[in-house]
Amino acid sequence: MILVLKLLLKIMQKSIHISLSVECARILRNSCGKNWQTFPQTWNQLLEECMQLLKSFLSKESPVEEVVLSNIILQCIGNLLNLWPSLSGTIWDNLQSELCNLISHHDEKISLYSSCVMYGLLRNSAIMREEIVGEKWKDLVSGLIMSSHKGVLYSQFSIKLYLCDQNLLEKMYEKQELGSRLLLLHQISEFAPECEVDDRNWQFFSRLFQERSSIILRTCESSTMDLEAMEVTGLVEILAKSSSNDVCHRELCPDEDLLVITIDLLRSIHCLGQSGSNYFTAINDHFGSVEPHPALNFKCNLVRLLGNLCFKNPTAQDRVRELEAIAPLLECCNLDARNPFIQQWSILAIRNVCEKNTANQEIIGSMSQRGVVQPTVLEDLGMVVEATDSGISLRSAGLNQNP
């Protein structure tokens, strides 16, 4: 078999017909998937030839057949990498300067297979994982994040490797430009809460949110898509989703600063929303259009996070009462087109705030009814909600109220 491999390699090296090289490369690729007990020396030559061919294709506008050959070569390298992890250093040394272009390549298959090679390198070497989060490889990581955002599976696997590391995710995040950070946050939010994450990374997200949370308040009357505010929105979404996970919940619950900031921010946004017509003001019409804004769904995620922090946590329940957040939380039970599902998350949060907490239950029990909220959608349909001795009823606006 080794003699056959040598023959195929010579044909690839000297063939002037690209179609013949493609067929030889297919045979070599399939041979690379074989479970060899020893490493034939021919693979060194094969690997060197494959990488040289790739570099030559990248240096020019390649025809279709050369693109096909590039895909097969990348598969071949991926197979070798999977079979012989010790080759990681050699492959990295030869392809490191090309991987950024390969991962970002316009051809979807080249992007996919090069992402597979990148994942194999990162999976096999902790040293390599640490190396690429440095300043030198910022563009490569940015390309990897973009590729993951586009749904390339192996790039997503690569990002997940960093979620499991206690230090490298923070280093990766800090080196990236704001645009890449937003894409990374979106990906992590998509992975949460099922994805495995190192405990200390939850603390990193929490600390980052606390440091930057007040930025969202400056968007109250501004229609600008503030990227820094969108970063805060991404952070609270990750915390809100992931805090339902037992591990994340255990890490976040002792953090009283996170709880206090969440409560203060909820009260501030709620108060600003009631102060006039602005981007924090609730929209009761679910059929109306909602203008894009950094604060969309932000209040809902705050409520969701607060509810999760209070779950079976008497200390957090008491702080909600002490900081006078029960009333704002109850008022969040109304429909709001800017915060889909806020009504449901508010009800769950109130349940968690009141569970086995008599003092909180008494506060809600002591509240008196002041009237009935008239939903805009019902008003548009000519209907009116009214309170009666038997409860809440619905009638046509054109009918007189019963004497």
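A helix here is a DSSP run of H or I with at least four residues, and helices are numbered from the N terminus. With that numbering, α12 covers 178–191 and α14 covers 227–242, and each of them supplies at least two residues of the lining of the second largest pocket. I will come back to that pocket shortly. Please keep in mind that the model is predicted.

First, the chain as a whole. The protein chain has 22 helices and two strands. It has 403 residues, and buried residues make up 47% of them. Next, the contacts with a separation of 6 or more: residues 24 or more positions apart account for 72% of these. The chain exposes about 20,300 Å², and carbon and sulfur atoms supply 51% of that area.

Now the empty space. Rolling a probe the size of a water molecule over the atoms shows where such space is left. The second largest pocket holds about 360 Å³ of space. It is lined by 14 residues, and the closest to its centre are M230, T233, G234, E237 and P294. What classes of residue are in the lining of the second largest pocket? There are six nonpolar, seven polar and one charged.

Cavities come next. The whole structure has two cavities of 30 Å³ or more. The largest cavity has a volume of about 40 Å³. Its lining consists of I269, Y279, F280, A295, F298, K299, D336 and N339. By class, that is five nonpolar, one polar and two charged residues.

K299, from that lining, is also touched by H270. H270 sits in helix α16, residues 256–274. Is H270 buried or exposed? Its relative accessibility is 8%, so H270 counts as buried, the cut-off being under 20%. Leaving aside residues up to four places away in sequence, H270 touches P328, E331 and C332 as well as K299.

On to the aromatic rings. A search of the whole structure gives seven aromatic pairs. Take Y119 and Y154. Their ring centres are 6.4 Å apart and their planes meet at 40°, so this pair is tilted. Y119 belongs to helix α7, residues 108–124, and Y154 to helix α10, residues 153–163, so the pair ties together parts that are 35 residues apart in sequence. The two rings belong to residues with separate burial labels: Y119, at 17% relative accessibility, counts as buried, while Y154, at 28%, counts as partly exposed.

A second pair is Y173 and F204. Here the ring centres are 5.8 Å apart and the planes are at 75°, so the pair is edge-to-face. This pair links distant parts of the chain, with Y173 in helix α11, residues 168–175, and F204 in helix α13, residues 199–212, 31 residues apart. Y173 and F204 are both buried. They also belong to a cluster: ring pairs link Y173, W202, F204 and F205.

Another buried residue is L140, in helix α9, residues 138–149. Why does L140 count as buried? Its relative accessibility is 3%, and the label needs a value under 20%. Setting aside residues up to four places away in sequence, L140 touches W92, L99, C100, I103, M118 and I132. For a distance across the fold, take L140 and S104: they are 36 residues apart along the chain, and their C-alpha atoms are separated by 9.0 Å.

Last, the backbone in some loops. The peptide bond from A192 to P193 is cis, with omega near -5°. P193 is in the loop between α12 and α13. Recall that α12 helps line the second largest pocket.

Two further loop residues have a positive phi although neither is glycine. For K312, phi is near 50°. K312 lies in the loop between α17 (298–309) and α18 (314–322). At 62% relative accessibility, K312 counts as exposed. For E324, phi is near 55°. The place of E324 is the loop between α18 and α19, the latter being 326–331. E324 is exposed too, with a relative accessible area of 57%; the cut-off for that label is over 50%.

Conventions. Residues numbered from 1 in each chain as written. Predicted model: local features only at pLDDT ≥ 70, side-chain atom pairs only at ≥ 80, totals over all residues. Heavy atoms only, no water. Buried < 20%, exposed > 50% of the residue type's maximum accessible area, 1.4 Å probe, protein only. Contact = heavy atoms within 4.5 Å. Areas by Shrake-Rupley, 256 points an atom, 1.4 Å probe, with all protein chains shown as cover. 1 Å grid on protein atoms, 1.4 Å probe; cavity = no way out; pocket = protein on both sides within 12 Å on 5 of 7 lines; lining within 4 Å. Points joined across faces, edges and corners; volume = space filled by probe spheres on them. Nonpolar A, V, L, I, M, F, W, Y, C, P; charged D, E, K, R; others polar. Phe/Tyr/Trp six-rings, centres within 6.5 Å; stacked < 30°, edge-to-face > 60°.
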